[in-house]
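Good morning, and thank you for the time. I should like to take the group through one structure, from its chains to a few individual residues.

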Amino acid sequence: MSDATGTDRPYPNPKLLVDPEWLEQHLKDASLRMVDMRPYPLYERGHLPGAVHLDFPRIQSVVDGVPEMVGRPEQIEAVLSGLGVTPETTLVIYDNVYGQVAARFFWTLEYYGYPDARLLDGGWDRWALERRPVTREEPQVTPTQYKVRPQEELLATHEWVLAHLKNPEVLFVDTRSTQEYHAPDGHLPGAVNVDWMETLTFRPLPGMRPAVELEALYQGVGATKDKEVVTYCQSGARSSHTYFVLRLLGYPRVRHYDGSWLEWSLKARRGQGLPISPTEGKE
Amino acid sequence: MAETKLDIKIDEELDLRGEVCPYTFVKSKLALELMEVGQILQVVVSNEESATNVPRSCLNEGHQVLAVEKLNDREWALVIQKQ
């Protein structure tokens with residue numbers, strides 16, 4: 001699959017974001033597999049031709065009492081094998097919740113070494129608003145035997161976060177709303193706040209904001225490309241979306257704190273020595 | 001389903017207590033998509049994050065948020081009319 005995906009906005013890593021017009025012209029490419037991550041009752045009522053359904057909980061697991069953590073290796077291998085993909089397959093993922101669920105799968109795929117995952121710009125909502133082709137036919141899939149290869153440099157564990165909180169070369173981006181960032185529950189010491197929804201546009205059609213606006217958004221809070229940028233939110237979906245945006249913008253070192261605030265605040269309450277701002281830490 | 005003080009005819013109720021992001025919005029949107037225009041959905045959530053973010057997302061979708069009522073320390077009722 002070529003790097004061209006038809007976007008007219010010059011993102012540094014343009015192949016990651018698929019333009020609906022381009023996808024409509026390539027729906028029959030054998031190397032493409034579309035993945036619909038909306039709830040099944042919506043998939044059943046109509047989806048992109050050739051799209052397979054993937055239920056969001058299938059890519060998540062519970063670790064040490066923390067829900068919504070990344071799926072275990074054998075779990076993701078079963079998912080990918082069930083989707084019938086090989087390392088040569090280009091996966092185009094979409095949802096109807098502004099890409100946060102699709103992006104969670106995108107990060108999961110990158111973490112497990114999948115070579116070519118992409119998101120559909122504007123997701124299902126834009127596809128439907130533009131009245132592009134839809135079918136109720138569910139494709140027949142021949143299962144494969146897919147093996148994952150975890151890329152540990154893309155994952156921040158709570159131990160890694162704790163060890164790098166005061167590292168000036170690492171910037172933590174809290175992708176929750178400003179209200180959540182300033183809530184009594186707090187945030188990571190030193191983290192900056194960029195609400196993930198700031199990356200999106202909703203009118204006239206839903207989709208990603210232009211590259212120049214996104215770059216200004218992140219550079220404005222000091223998230224420059226010479227730093228390692230670590231994203232987190234409450235459970236890891238919204239921060240996966242920001243991980244995707246930073247990859248789209250060509251940031252060379254981006255990690256995702258998978259446990260996010262659910263894990264950090266839980267372990268802090270358990271007295272496991274994790275600091276929280278504004279009550280503790282360097283702020 | 002929790003009792004609210006609102007005098008509004010509710011067409012669908014969704015109890016999302018114990019659920020967190022992104023499921024609160026995923027399930028609210030699923031319910032709205034299966035309803036008719038003009039019908040009213042009441043969602044009960046048990047974290048402030050969802051009480052803020054679900055209405056915000058529903059507004060982005062063009063729906064009308066009729067009420068966000070705090071029921072007690074940990075529960076909120078969100079009343080949304082499908083547009």
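I shall describe each chain, then the contact between them, and then some single residues. Please keep in mind throughout that this is a predicted model.

Let us begin with chain A. Chain A contains ten helices and 14 strands. Measured out along the principal axes, its C-alpha atoms fill a box of roughly 55 × 40 × 30 Å. How does the radius of gyration of chain A agree with that of a compact globule? For 283 residues, a compact globule would have a radius of gyration near 19 Å, and chain A has 19 Å, which agrees. Of those 283 residues, buried ones make up 60%. Among the contacts in chain A with a separation of 6 or more, 71% are between residues 24 or more positions apart. The accessible surface of chain A is about 11,500 Å², and carbon and sulfur atoms account for 51% of that surface.

I turn to chain B. Chain B has two helices and four strands, and from the N terminus on, these elements follow the order β-α-β-α-β-β. The radius of gyration of chain B is 11 Å, close to the 12 Å given by the globule rule for 83 residues, so chain B is as compact as a globular protein of that length. Its C-alpha trace spans about 30 × 30 × 15 Å along the principal axes. In chain B, 52% of the 83 residues count as buried. Residues 24 or more positions apart provide 67% of the chain B contacts with a separation of 6 or more. The accessible surface here is about 3,900 Å², with 45% belonging to carbon and sulfur atoms.

One element of chain B deserves a closer look. Helix 1 of chain B covers residues 23-33, and nine of its eleven residues are buried, so this helix is largely enclosed by the rest of the structure. The buried residues are Y23(B), T24(B), F25(B), V26(B), S28(B), K29(B), L30(B), A31(B) and L32(B).

Next comes the contact between the chains. It involves 26 residues from chain A and 20 residues from chain B. The area buried between the two chains is about 1,900 Å², and carbon and sulfur atoms give 54% of it. Which three residues of chain B supply more of its buried area against chain A than any other three? They are Y23(B), R56(B) and N60(B), which supply 26% of the area that chain B buries there. Y23(B) is also one of the buried residues of helix 1 that I listed a moment ago.

R56(B) leads us to a residue on the other side. D195(A) lies in the loop between strand 10 (192-193) and strand 11 (200-201) of chain A. Beyond residues up to four places away in sequence, D195(A) touches R56(B), together with T175(A), R176(A), S177(A) and T178(A). Is D195(A) buried or exposed? Its relative accessible area is 7%, which is under the 20% limit, so D195(A) is buried. A polar atom of the D195(A) side chain lies 3.0 Å from the backbone nitrogen of M197(A).

Two further residues of chain A are of interest. H241(A) lies in helix 9 (residues 238-248) and is buried, with a relative accessible area of 2%. Leaving aside neighbours within four places in sequence, H241(A) is in contact with eight residues that I shall not read out in full, including Y98(A), W196(A) and M208(A). H241(A) and H158(A) are 83 residues apart in sequence, and their C-alpha atoms are 20 Å apart in space. S81(A), in helix 3 (residues 73-82), counts as buried at 11% relative accessibility. With the same neighbours left aside, S81(A) is in contact with P143(A), T144(A), Q145(A) and Y146(A).

Finally, the cysteines. A disulfide is a covalent bond between the sulfur atoms of two cysteines. How many disulfides does the structure hold over all chains? It holds zero. Why does C21(B) not form a bond with the closest cysteine sulfur? That sulfur, in C233(A), is 5.9 Å from the sulfur of C21(B), which is too far for a bond. For C58(B), the closest cysteine sulfur is in C21(B), at 13 Å, again too far for a bond. C21(B) counts as buried at 6% relative accessibility, and C58(B) is buried with a relative accessible area of 1%.

How values were computed
Residues numbered from 1 in each chain as written. Chains lettered and ligands numbered in written order. Predicted model: local features only at pLDDT ≥ 70, side-chain atom pairs only at ≥ 80, totals over all residues. Heavy atoms only, no water. Buried < 20%, exposed > 50% of the residue type's maximum accessible area, 1.4 Å probe, protein only. Polar contact = N/O pair within 3.5 Å; in protein donor to acceptor, adjacent residues only side chain to side chain. Contact = heavy atoms within 4.5 Å. Disulfide = S-S within 2.5 Å. Rg over C-alpha atoms; globule rule 2.2 N^0.38 Å. Areas by Shrake-Rupley, 256 points an atom, 1.4 Å probe, with all protein chains shown as cover. Buried area = accessible area lost by both parts, 1.4 Å probe.
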